[in-house]
Amino acid sequence: MAGNIWIVAEAWRGQVSEITFELLALGREVAGQAGVPLEAVLLGSNARELAQKLGAADTVLYADNAALADPVPENAAAALAQLIKERQPAAVLVPLTNLSVDVGVVLAAQLNVPFLNYCKNLKADGGNLTATCVLYGGKMEATVTASAKPAIIGILPGARSVEQGRSDKAAAITDVAVTLAAPKVHFKKYLDPETADVDITQKDFLVAVGRGIQTKDNLELAEDLAASLGGAVCGSRPVIDQGWLGLSRQVGKSGMLVKPKLYVMLGISGAPEHVEGMKSSQCIIAVNTDAAAPIFNVAHYGVVGDALEVAPALTEKIKARKG
Amino acid sequence: MNILVLMKVVPDVVEELEVGSDGKSLDTSFLRTIINERDDHALEQALLLKDKHGGKVTLLTLDAPDIDDVLFTALAKGTDRAVKICGVESVQSTQTAVKLFGDVIAKTPDLLPVDLILTGVSAIDDLDGLMAAPIAHQLGWPYTGVVTHVTLADKTATVIKEFAGGVRGEYDVPTPAVLGIQAAEKPPRYVPVAKVRAAMKSQTIETVDAPAVEAATTVEVQQMAKPQVTGHAEMLEGSAEDVAGKICELLAKRGLL
Amino acid sequence: MSTATASADKDNGVMTLENLAKFPEGQKVYSCMQCGTCAATCPYGDDLVFPPRAIITMLESGLIEEVFASPGLLNCVTCYACMAKCPRGIKLTEVLLPLVKEQVFTHLKEVPAELQKALENTMRYGNPMGESPRKRALWAKSSPVPVPVISEIKRPVDVLWFVECYPSYHPRGNDGNRATAKLFKALGIDFAILGNEEKCAGECARLLGETGLFEMLTDSNIKLLRKYQFKRIVTGGAHAYDAFKHKYPAAGFDFEVHHTTPFFAQHLAQLKPKLTKKLDYTVTYHDACALGRHNGFYEEPRALLQAIPGVKLVEMAHSGVNSICCGGGGGGMWLDTYYAAKGCERLSERRVKEALDTGANVLAVSCPYEISRFEDALKVQGGEKRMVVRDVVELLAEALEG
Ligand SMILES: Cc1cc2nc3c(=O)[nH]c(=O)nc-3n(C[C@H](O)[C@H](O)[C@H](O)COP(=O)(O)OP(=O)(O)OC[C@H]3O[C@@H](n4cnc5c(N)ncnc54)[C@H](O)[C@@H]3O)c2cc1C
Ligand code: SF4
Ligand code: SF4
């Protein structure tokens with residue numbers, strides 16, 4: 001394959017986003033298949049130390065420019081367009097996050113190539129790139145070839161594990177220069193979430209409790225698990241009715257409609273009114289003492305067991321893993 | 001303040017989707033289409049801005065089955081003009097949709113000027129791109145996507161864009177601009193059927209012919225298939241310790257830890 | 001008044017608020033003596049802001065626009081209690097409230113999200129749950145008795161069974177359907193369903209004030225029914241029955257229609273010898289508003305229950321005409337959270353408390369909404385180990401298997 005495989009690293013507020021490592025892991029595989037180097041591109045301002053973390057790539061192209069300090073997609077796209085013209089990569093993998101997707105689409109528009117979207121897997125064979133893309137809200141998967149050069153490809157979160165993309169190897173950093181015009185769009189500030197009210201529809205990780213949790217005191221087990229995942233606790237209606245959780249935490253027909261990445265259910269039977277609100281979750285894990293509970297027809301993974309035992313065990317394991 | 005909203009339809013996933021006989025597209029015999037949810041939010045955002053600042057909202061769509069109902073509903077909600085692009089094939093790639101919209105916006109005399117063009121930031125069938133950015137590029141206008149809040153002042157739209165984990169960013173976007181809407185500030189409003197019927201009697205839908213655009217795309221679908229669904233959870237067995245370990249493994253594998 | 005519906009139909013015999021006085025039932029509204037019985041019987045009396053009595057005052061003093069501007073009437077669950085008790089016999093729930101609610105609905109600044117979704121779903125998919133219309137008859141595959149679809153058998157039948165939405169899609173409604181199918185078979189009744197072509201009868205939309213949607217559904221269902229030949233319609237939907245009986249005729253519907261409970265009661269003589277299995281249950285029956293207060297079917301369900309060997313029937317503190325609504329009517333099915341946010345007690349919970357007080361172990365019902373409402377309310381009240389909820393047809397079918 002002519003040209004290297006690139007991944008666009010995502011960094012903001014002084015941190016490399018985890019999805020960057022997922023892309024590194026995927027990019028590593030693809031570069032290996034194509035027999036070309038894997039390069040990571042990091043854009044930023046005074047962020048060179050972040051480039052050190054990208055050792056899984058053969059080289060890291062680091063562009064430092066004051067205009068790249070803030071998340072302004074137009075600047076990032078312009079910088080990438082310059083680098084692409086100079087260096088002619090075969091493919092540019094962009095994280096499909098709210099932050100980076102705009103960079104990808106603006107870049108594609110500038111280069112007048114398509115933006116291959118919703119990609120969950122990518123392979124190189126011969127000179128071709130073949131992508132598996134998730135369409136229609138997950139109802140279909142399409143195998144797609146992208147012949148544009150470069151192919152700009154949006155990679156869904158979770159394509160590979162973060163761990164696969166981490167490396168202790170010292171990154172080989174190449175400093176590159178970009179010149180940027182004043183952007184049209186002006187970034188003003190970050191707005192942090194108000195901690196007072198949790199919007200469960202915005203959470204990637206939810207731990208849902210049902211009557212199987214038995215007492216209000218046991219809610220703590222769910223809170224701990226949610227905290228270890230970096231998510232929030234929500235519940236079935238009877239739990240809300242009992243006043244254990246506020247109305248804004250109710251999932252279901254008469255509550256919120258949620259689509260988190262992970263929905264862990266502790267002691268919820270799976271009544272249709274509850275399922276209506278959570279069935280589109282990307283990964284559903286149900287813990288229930290009743291092997292015949294209808295929720296096991298909805299969940300992706302099931303555990304027949306006591307939620308009061310499984311929840312704390314899981315919290316411990318996750319904490320241990322996250323270090 | 002005038003706003004143009006771009007809307008398209010997508011397959012309705014409430015109905016079971018099937019693969020067509022060519023093995024690489026949707027079977028259209030039972031296919032039902034529905035308005036792209038985020039485009040509906042874009043329309044709502046436009047109407048909210050109109051409620052606040054006055055001005056006109058124009059809705060531009062590609063023709064599709066039952067699209068007139070959608071347009072009359074929009075008119076009943078307070079949209080001022082509804083225009084549909086006729087003579088298009090029902091299944092479009094996003095690239096083709098961009099070309100059609102771009103061409104019609106540029107060539108139809110009275111669609112511009114507007115202060116904003118709003119459209120949904122993405123759609124479930126956007127395989128080869130998202131609409132808003134390339135349209136902005138064609139017009140040479142600024143673009144911002146994943147927008148959840150818009151305030152309009154003279155020559156500037158102040159928008160809030162969603163990042164991750166509840167963190168958002170505030171931007172000033174000089175108008176005219178194209179915005180990709182993630183969600184309107186309020187969910188799309190309901191309009192009683194009686195009002196839609198009244199709109200059908202008193203208002204009209206304008207049509208423009210689809211310009212000839214080449215459907216060239218460098219993204220080619222080789223195969224389409226339904227992902228495997230088991231219908232029953234994969235059961236994890238063992239002690240609480242064991243299953244906790246197994247869950248941890250599979251979360252890590254899915255990139256969730 | 002400025003709305004199109006209120007003025008346009010003045011002369012074609014359609015009653016509107018404006019021309020109320022032109023109709024005999026309409027005129028009756030003005031005979032109100034302001035006794036306040038309506039407000040006092042209403043389960044949500046205080047939350048309505050304008051209970052029937054106050055609506056009438058406002059109407060008389062030309063201030064009705066104020067009533068339209070208040071969302072208070074969303075709390076009216078159209079339980080027919082006020083109408084049943086009004087000493088002047090004013091058709092409150094039947095005539096006055098729908099006209100006012102239609103206006104309230106069009107004036108609503110925001111439709112509560114859950115309700116909006118249910119209405120949009122009904123419009124698009126023909127059922128409020130937003131399920132695929134192509135799966136409407138899927139339940140029939142799991143019926144122990146074959147359930148023919150009329151468009152497939154292509155011949156006239158005796159009974160056209162109008163299944164309705166909850167029974168079609170809700171698992172507990174499906175249970176009731178399988179029971180009904182067994183009962184038809186036991187009675188040797190030649191029946192068929194409409195299958196995937198059927199759409200929501202629309203009664204909740206009407207009672208909520210979304211009249212346009214109701215009309216759409218009425219037209220569509222009548223057109224569909226006209227395609228086929230049958231002697232009579234039987235439906236397990238209490239609200240569907242009510243709409244067919246009282247509202248569809250104005251749109252040209254002229255079929256004989258029955259609700260399953262009174263229908264099977266009519267066949268009791270044939271059915272009774274087949275009810276051989278002894279069911280050791282103490283049963284209390286909840287009168288559905290649409291069947292009891294609005295159509296007077298108080299005896300029929302009780303006669304059926306008493307025909308089951310072993311069943312002991314007990315009554316709740318409020319029964320018959322005094323029955324307390326489950327809270328699901330008039331759109332209440334999609335307003336639970338709206339009510340909760342207002343701090344209103346859920347009526348289904350009020351009702352199951354009474355049911356539990358009887359000491360019965362079965363709560364029998366005849367309306368598909370009630371099963372899910374009461375099962376849920378029992379869980380919240382911690383009574384689900386003491387009592388189960390069964391449709392009358394489920395109990396009958398269970399007694400069949402001797
Ligand atoms: C109109 C209407 C609207 C509704 N809207 C909603 C809604 O928006 N959201 C909603 O959630 N519900 C809603 N409901 C209620 C719904 O019908 C159910 O009653 C409710 O979802 C059940 O909640 P649950 O699963 O927590 O309780 P249950 O159904 O009682 O289930 C408890 C489960 O916990 C299991 N369990 C017990 N002990 C343990 C243990 N130690 N470890 C693990 N598992 C255990 C049991 O096996 C059982 O499966 C609505 C109902 C109606 C009628
Ligand atoms: S019908 Fe029932 S809820 Fe409505 S006003 Fe009358 S008593 Fe109240
Ligand atoms: S019960 Fe009848 S007469 Fe009495 S106030 Fe109400 S409407 Fe008037």
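Student: Which side chains meet in a salt bridge with C:Glu110?

Tutor: Before anything else, keep in mind that this is a predicted model. For a salt bridge, you look for a Lys or Arg side-chain nitrogen within 4 Å of an Asp or Glu carboxyl oxygen. Here the partner of C:Glu110 is B:Lys186, with 3.6 Å from N to O.

Student: How many salt bridges are there between chain C and chain B?

Tutor: Five salt bridges are counted between these two chains. You can also look for polar contacts: 10 residue pairs across the interface of chain C and chain B make one, with both residues at pLDDT 80 or more.

Student: Okay, which helices of chain C should I look at on the side that touches chain B?

Tutor: Try helix 7 (92-107), helix 8 (113-125) and helix 13 (211-226), since each of them supplies at least two residues to that side of chain C. Helix 8 of chain C gives the largest share, six residues. Sorted by class, the side of chain C that touches chain B has nine charged, eight nonpolar and five polar residues.

Student: And what area is buried between chain C and chain B?

Tutor: About 1700 Å², with carbon and sulfur atoms giving 49% of it. Now see who contributes on chain C: C:Thr106, C:Arg124 and C:Arg134 supply 35% of the area that chain C buries against chain B, more than any other three residues. As for residues in the contact, 22 come from chain C and 18 from chain B.

Student: Can we use the same approach inside one chain? Which domains does chain C have?

Tutor: The domain assignment gives domain 1 (20-107), domain 2 (113-266) and domain 3 (273-400). Take the pair of domain 1 and domain 2 of chain C: their centres, over C-alpha atoms, are 30 Å apart. Eight residues of domain 1 and 10 residues of domain 2 make up the contact. Between them these two domains bury about 800 Å², and 58% of that is on carbon and sulfur atoms.

Student: How many salt bridges are found across the interface of domain 1 and domain 2 of chain C?

Tutor: Zero salt bridges turn up there, but three residue pairs are in polar contact, both residues at pLDDT 80 or more.

Student: Last one: which residues come nearest to ligand 3?

Tutor: For a ligand, you list the residues around it, then ask which elements they come from. Ligand 3 has 14 residues around it, and C:Cys32, C:Cys35, C:Gly36, C:Cys38 and C:Cys86 come nearest. Helix 3 (37-41) and helix 4 (52-60) of chain C are the elements that give two or more residues to this shell. By class, the shell around ligand 3 holds nine nonpolar, three polar and two charged residues.

How values were computed
Residues numbered from 1 in each chain as written. Chains lettered and ligands numbered in written order. Predicted model: local features only at pLDDT ≥ 70, side-chain atom pairs only at ≥ 80, totals over all residues. Heavy atoms only, no water. Contact = heavy atoms within 4.5 Å. Buried area = accessible area lost by both parts, 1.4 Å probe. Polar contact = N/O pair within 3.5 Å; in protein donor to acceptor, adjacent residues only side chain to side chain. Helix = DSSP H or I, 4+ residues; strand = E, 2+ residues; numbered from the N terminus. Nonpolar A, V, L, I, M, F, W, Y, C, P; charged D, E, K, R; others polar. Near = heavy atom within 4 Å. Domains from an automatic or database assignment.
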